[in-house]
Every structure is written in C-alpha cells, then in structure tokens.
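Student: I'd like to learn how to read a structure like this one, feature by feature. Could you walk me through it?

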Amino acid sequence: MSIARAVRVREFGAPEVMRVEQVELPDPAAGEVRVRQTAIGFNFIDVYQRRGTYPLPLPTGLGHEAAGVVEAVGPGVADLKVGDRVVYMNAGIGAYADLRNLPADRLATLPAAVSDEDAAAVFFKAMTAQYLLRRTHRVEPGDLLLVHAAAGGVGQILCRWAKALGAEVIGTAGSAAKCEIARAAGADHAIDYSKPDWPQALLAATDGRKARVVYDSVGKDTFLHSLDCAAPFGLVVLYGAASGPAPAIEPELLNKKGCLFLTRPSVFPHNADPATFRANAIEVFQAIAAGQVRAAIGARFALDEAAQAHRAAESRATTGAIVLHP
Ligand SMILES: NC(=O)c1ccc[n+]([C@@H]2O[C@H](COP(=O)([O-])OP(=O)(O)OC[C@H]3O[C@@H](n4cnc5c(N)ncnc54)[C@H](OP(=O)(O)O)[C@@H]3O)[C@@H](O)[C@H]2O)c1
C-alpha cells in the first residue's frame, strides 16, 4: 500500500473544483505496474471533462497523459521492470497525480533521447497528429491543409509534421504574435482568425485555393467557415471544441459546399488496441528523432497549481504545451 497525491473532481465546474487529495494506492494488481510520475501533460480535453461538457462519473480524477518511472511490477508483467521510463496517453483517466497503478500494456517505453518532460508535453498531442495525418487523411506531398489553432499544442505539431510530409500548410491563430509562432512551427501561411474577414484573408494568401483537408479543433466559432475553406470533395475533420461545440448542420449542406466529407474522430479508439498503440507510439518516437515532431513547452505549473494551468489555457494565454509537475 502507498499513498498518492491526486487531483479529484467531486462536482463539475470552474478550475477550483480540482482538489489535490491523498489517495490510498494498493500494490499493483496482475498486469499492472506502479509509476512514479515526473511530468504530466495538460490537454484541452481535461477542461471539457472538468466542466462536465464531456461528463464523467463523479468523483473522478483528471488527465490522460504523463511520463515517469516504473516503481513496482504486478504479477504477470513480462515486458516492463523497475526503473523503466514510460509514457502513456490512453491508460484511464487520472494522470493528475504523483503515483499511479497502470495497465502495463497501455505504457510505451521512452527512448533515452526523449526527456520525461518532453514526453509528457508531446505524447498525447503527437499521437493525435499521428492519426490525423496518417489515418484520417494520409497526407501526400503538395496537399494544401488548413490547421486551426496552429500555435497551440496539437496545432504546432500538426504544422511541423505536415510540412515534413510535404504538405503546404495554412495555420490560423488568435493574434499576430500567435501567427508568428504558427509560422515558426512550419505554417506556410498564417491567418489571424480573430479578425472577422479571416476567410477572405486566407483565400487572398492562397490565390483563391481552398484546402484539401481542414483540421478544425475550435468548433463553434470556426466550423461553418471551415466548410467554406474546404476545396470541392475536400475533407473537414472536426476534432475538438475549444470555443464550444460546433453547430448542427443538415447533411445537404455538405453537398452545397462542394460534396465535402465530414468526420469527427478521437485519439482513443485509434489507440484502443495495445499492439496498435505501441506501433503508433513507435511512429511518434521516430518522428521526434527525425525532428518532424518537437516538444514546444509554453508553460509549466506544479500539480497543486492545476487550476492556474486550466485558467491559462481557457483564457487563450498559452502557446504550445502545458506541463504539470507533481
Ligand atoms: N479528437 C481528438 O482526438 C483530440 C485529441 C487531442 C486534442 N484535441 C483537440 O485539439 C485542440 C487542441 O488541443 P490542445 O490540448 O493542444 O490545446 P491548445 O491548442 O493548446 O489550446 C486550445 C487553443 O484553441 C484556441 N481557441 C479558439 N477559441 C478558443 C476559446 N474560445 N477558448 C479557448 N481556446 C480557444 C486557442 O488558440 P488561439 O488563441 O490561437 O485561437 C487555444 O490556444 C482542442 O480542441 C482539443 O480538444 C482533440
């Protein structure tokens, strides 16, 4: 038995509903290992789950991603040992903690070249970029892609990786300063979508060309414009709701906008099978080694400051990834 410090949410609401509590942790069960966590990744889904937009049974922990060191091994675990450095993004909710028992087959062993902090900053987001760029649409050289929130955590990774795959990338962001960050991350064109005429500015930047694929994680504020920014027969990938859920549409609208394809995918089903998860993780580590994916840490907070981290993200004050330290 060990004692862990973990964030608990007993009611949905503002950032203050996150409280760090002491939790009794039994020895790892069959198939589990105990991980001493060193860095925890913030992801925007943590906000939706804290608010209750994506409701969880209460009380609940929070967080999907962390890196750390294996401290104890339960019965039947053959491929991990004490001292191994690991990272996860789909091992059950509750990453906002210093110590956890986790299913061994949901953990990826970290290469020596990737620090724990970089892993926690990048793993969930790069596994998202991996399926978006390799599965949802297999990016080909010359594809014109539109990435919303391009200065954010997932956004910067999408820009750099898509560029490395030979795509031409349009990034949108909420200010001139954030547009510079999107450019530095690889966007060929950066559009400030806080300006009302941004769709026209986008078409001016591309000489009227529309995107083969639109990656929209902003939702409410951008979704209908995204349909107008997609080329005929193009694909609109709605994969988040940072500004609120996208409005409902009639299927007929996809016809009117140019026989568009629309999908609403999630990273979890793409990594539900342990063998697929490990293969995807290897692809992400290879992309990190090749410089196609980089950790861009925009802010660091202590675990006790999780509420401040959420406030910073929700107020759009951050760029890149936020890391919590237990
Ligand atoms: N479906 C999936 O598999 C999946 C997996 C991972 C992440 N996601 C989604 O991908 C998005 C990015 O995730 P992330 O963790 O990397 O977060 P992030 O991009 O670092 O933060 C969200 C960004 O959204 C933009 N935004 C636009 N309107 C906003 C508003 N009203 N409130 C707050 N932010 C707003 C902000 O950038 P600007 O200020 O530049 O507008 C903000 O920085 C999120 O929507 C997340 O839910 C989806």
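Student: Let's start with paired strands. Which residue stands opposite A211 in β12?

Tutor: Keep in mind that we're looking at a predicted model. To read a pairing, take one residue and look straight across to the neighbouring strand. A211 faces A230 in β12, and further on D216 sits opposite L238 in that strand. Strand β11 covers residues 211–216 and strand β12 covers residues 230–238; they pair in the parallel sense over 5 bridges.

Student: How does the chain get from β11 to β12?

Tutor: By way of a helix. The path leaves β11, runs through helix α6 (residues 223–229) and arrives at β12, making a right-handed β-α-β crossover.

Student: And what pairs with β11 besides that? Where does β8 come in?

Tutor: β8 pairs with β11, again in the parallel sense, over 3 bridges. One spot to look for is V147, which stands opposite Y215 in β11. As for how covered β11 is, 5 of its 6 residues are buried.

Student: How many strands make up the open sheet, and in what order?

Tutor: There are 6, and reading across gives β10-β9-β8-β11-β12-β13, with parallel pairing. To find the edges, look for strands that pair on one side only: here they are β10 (189–192) and β13 (261–263). From one strand to the next, the twist averages 15 degrees.

Student: Which helices pack on this sheet?

Tutor: Try α2 first. Helix α2 (residues 116–136) touches β8 (144–147), β11, β12 and β13, and its direction makes about 145 degrees with that of β12. Then find helix α5 (residues 198–205), which lies across β8, β9 (168–173) and β10 and runs at about 165 degrees to β10.

Student: Let me zoom in on β8. Which of its residues are buried on each side?

Tutor: Here's the general idea: side chains in a regular strand alternate between the two faces of the sheet. In β8, L144 and L146 are on one side, L145 and V147 are on the other, and all of them are buried, leaving both faces covered.

Student: What joins β8 to β9?

Tutor: 4 bridges, with the two strands running parallel. L145 stands opposite V169 in β9. The chain gets from β8 to β9 through helix α3 (residues 153–164), and this β-α-β crossover is right-handed too.

Student: Now a helix. Why is α1 described as largely enclosed?

Tutor: Count the buried residues. In helix α1 (residues 44–51), 6 of the 8 residues are buried, so the rest of the structure largely encloses it. The buried ones are I45, D46, V47, Y48, Q49 and R50.

Student: What do those buried residues pack against?

Tutor: A mix of strands and helices: β2 (18–25), β3 (32–41), α2, α8 (267–270) and α10 (306–314). Just after α1, check the backbone at G52, where phi is positive at about 90 degrees.

Student: How do I judge single residues? Is R34 buried or exposed?

Tutor: Check the relative accessible area: under 20% counts as buried, over 50% as exposed. R34, which lies in strand β3, has 10% and is therefore buried. Its side chain makes a polar contact of 3.3 Å with that of S2. Setting aside neighbours within four places in sequence, the residues in contact with R34 include L25, D27, V69, E71 and N101.

Student: And D27, buried or exposed?

Tutor: Use the same cut-off. D27 has a relative accessible area of 51%, so it is exposed. You'll find D27 in the loop between β2 and β3. M1 is 26 residues away from D27 along the chain, yet their C-alpha atoms are separated by 5.4 Å. The D27 side chain also reaches the backbone nitrogen of M1 at 3.1 Å.

Student: Last one: how many residues surround the ligand?

Tutor: 28, the closest being Y131, K178, Y193, V267 and R316. Then look for polar atoms around the ligand's oxygens. An N or O atom in the side chain of Y193 is 2.5 Å from a ligand oxygen. Backbone atoms take part in this picture as well: a polar one of F44 is 2.9 Å from an oxygen atom of the ligand, and a backbone N or O atom of G153 lies 3.0 Å from a ligand oxygen.

Note on methods. Residues numbered from 1 in each chain as written. Predicted model: local features only at pLDDT ≥ 70, side-chain atom pairs only at ≥ 80, totals over all residues. Heavy atoms only, no water. Pairing = 2+ DSSP bridges. Axes fitted to C-alpha atoms, helices over the stretch in contact; angles between N-to-C directions. Contact = heavy atoms within 4.5 Å. Buried < 20%, exposed > 50% of the residue type's maximum accessible area, 1.4 Å probe, protein only. Right-handed = clockwise from strand over helix to strand, strands pointing away. Near = heavy atom within 4 Å. Polar contact = N/O pair within 3.5 Å; in protein donor to acceptor, adjacent residues only side chain to side chain.
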